[in-house]
Every structure is written in C-alpha cells, then in structure tokens.
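Hi everyone, thanks for making time this morning. I'd like to walk you through the cysteines of one protein.

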Amino acid sequence: ENDSLWCWGLNQYGQLGIGNTDSQESPTWVDLAGSTASSISAGGHHACFVGTDDAGEYGLVQCWGRNDEGQLGQGSGQTGDIDTPSTILGSGYSAVTAGRFHTCVVAVDGGELNCFGRNADGQLGIGSTSGYERDLQEVYSEGVLAVSAGDSHTCAVIENGSIECWGSNNYGQLGQGDLGDESTPSWVDLDEEAAAVATGHEHTCAMTRSGSVLCWGRNLEG
C-alpha cells in the first residue's frame, strides 16, 4: 500500500531487480530510484512495473532481467541483461504484461497496444514470425482495455467486450477451435462480453462481465 516493490525467487538474469544475480528466498526490497510502483508483471526471466516517476508523472514503465530477445524494450542498440529497474518508455501507460520472452504495454490515452521481444510463434501479433523485435511493435492503435502475455501467446480484452488472442496454439490456447498458430489478433467466441483475461503457460482464462469464468487450452494437469 506504500507503493514500494518487493521481489524474491530465482535471479540468474537479474529478474529480481536488486542489483545482483543472487536468488532470494524471502521478499527483497527493490530500489526504484524515486519512482513508485502501482502494478507489476513477472515473466519468464524478466519483470516490469507501471508506476509514477520521481517527478510525479503517472504511467512510467520500467523493466529488468533477461534481455536476449528484446523483452526489456530497450531498443535495437541494447541487448544485455539488466539487474535493476530501467526505464523503457516515457509516461502514459496504464498496463504492462511480461510473458516468457515478450512484453506488451497499453497506453492510457486511447488504449494503444504495443508488444516487443520474442516473436517466433507470432506472439507479438504483428502478422509475422520474425524471431524477435527489440523495438515497440504496434498491435492495436486504440481500444485495448487489458492484455496478458503467456508463454508464447498473448490475449487482449477490447473495449467492445471481445477477446482476441494470437501466437502459439499447439494446445488450443488461442480459443479458435483448432491448433493453428496465429500471427495476428484472432477473435474468441465467448457468447458473452469479457471483463478480464489471463494467459498461463499454454492455457487461457477469461472472466465475463456477468462474473462467469471460461478457460481453454492445455489441461494435462487439470
């Protein structure tokens, strides 16, 4: 509640943001250098938060950890891992989600969605499987309310209440009724308007505006 950030667990790529690569068994304070955190997302070996910078401007996004496929959004000239929070974007973002090797951000004004990082399965939603993209790639120009990045797929809630998914689909995690990958956003038929979506390793769940929950994808462990 005081907007501080604490991380723990595996840290071989600096994904805890504590300035070293020592794993931690208990919550460890992360130095945000004057910024404050309002939400956080932990990916495969990296993490990102949305917060307020030291000048009081909301919507700052910072990421840290593994960066071999551009998942920290540092741009084409930055390829090394980072073990402390590093600003990737200016202010103006409402949400960030970290997948296994990719990241997506939603803008406050208009709901523009951009993704970056690994794209071998089309998880960036840009109509290609380019391997990886270190710079921001526009997926939607407006209208995105929420987004969730999974292992190798991504799903978003659109302002009209629909859900669209893209990327790897080997277990049906895109909800398309087949097992074909999609490199562009593809509509999911829920028969109801969606309020939220969450992507896991190879499965997806959505909560509708009526409060029901629907899931699809891999189910080998229930």
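I'll go through the disulfides, then a free cysteine, then a patch on the surface.

Please keep in mind that this is a predicted model. Applying the distance rule for sulfur pairs, we get 4 disulfides. If you number the bonded cysteines in sequence order, they pair as 1-2, 3-4, 5-6, 7-8.

Let's start with Cys48 and Cys63, whose sulfur atoms sit 2.0 Å apart. This link is right-handed, with 110° about the S-S bond. It connects distant parts of the chain, 15 residues apart: Cys48 belongs to strand β4 and Cys63 to strand β5. Cys48 is buried, at a relative accessible area of 0%, and Cys63 is buried with 0% as well.

Next, Cys104 is joined to Cys115, with 2.1 Å from S to S. Here the torsion is 105°, again right-handed. Cys104 is in strand β8 and Cys115 in strand β9, so the disulfide ties together parts 11 residues apart in sequence. Both ends are buried: Cys104 has 0% relative accessibility, and so does Cys115.

Further along, Cys205 and Cys215 bond at 2.1 Å. The torsion about their S-S bond is about 110°, so this one is right-handed. Cys205 lies in strand β16 and Cys215 in strand β17, 10 residues apart.

Now, why is Cys7 not bonded to Cys48? The closest cysteine sulfur to that of Cys7 is in Cys48, 11 Å away, which is too far for a bond, the cut-off being 2.5 Å. Cys7 is buried, at 9% relative accessibility.

Finally, look at the tryptophans: Trp6, Trp8 and Trp29 make a nonpolar surface patch, together offering about 400 Å² of accessible area. Of these, Trp8 is in strand β1, residues 5-9. Thanks for listening!

Conventions
Residues are numbered from 1 along each chain as its sequence is written. This is a predicted model: local features need pLDDT of at least 70, side-chain atom pairs count only at pLDDT 80 or more; totals for chains, interfaces and linings use all residues. Side-chain values use heavy atoms; hydrogens and water are left out. Patches are made of residues with over 30% relative accessible area and no salt bridge: like charges are joined within 9 Å, nonpolar side chains (Val, Leu, Ile, Met, Phe, Trp, Tyr) within 5 Å. Accessible areas come from the Shrake-Rupley method with a 1.4 Å probe; for residues, only the protein chains shown count as cover. A salt bridge is a side-chain nitrogen of Lys or Arg within 4 Å of a carboxyl oxygen of Asp or Glu. Helices (H or I, at least four residues) and strands (E, at least two) are DSSP runs, numbered from the N terminus. Buried means under 20% relative accessible area, exposed over 50%, partly exposed in between (1.4 Å probe, protein chains only).
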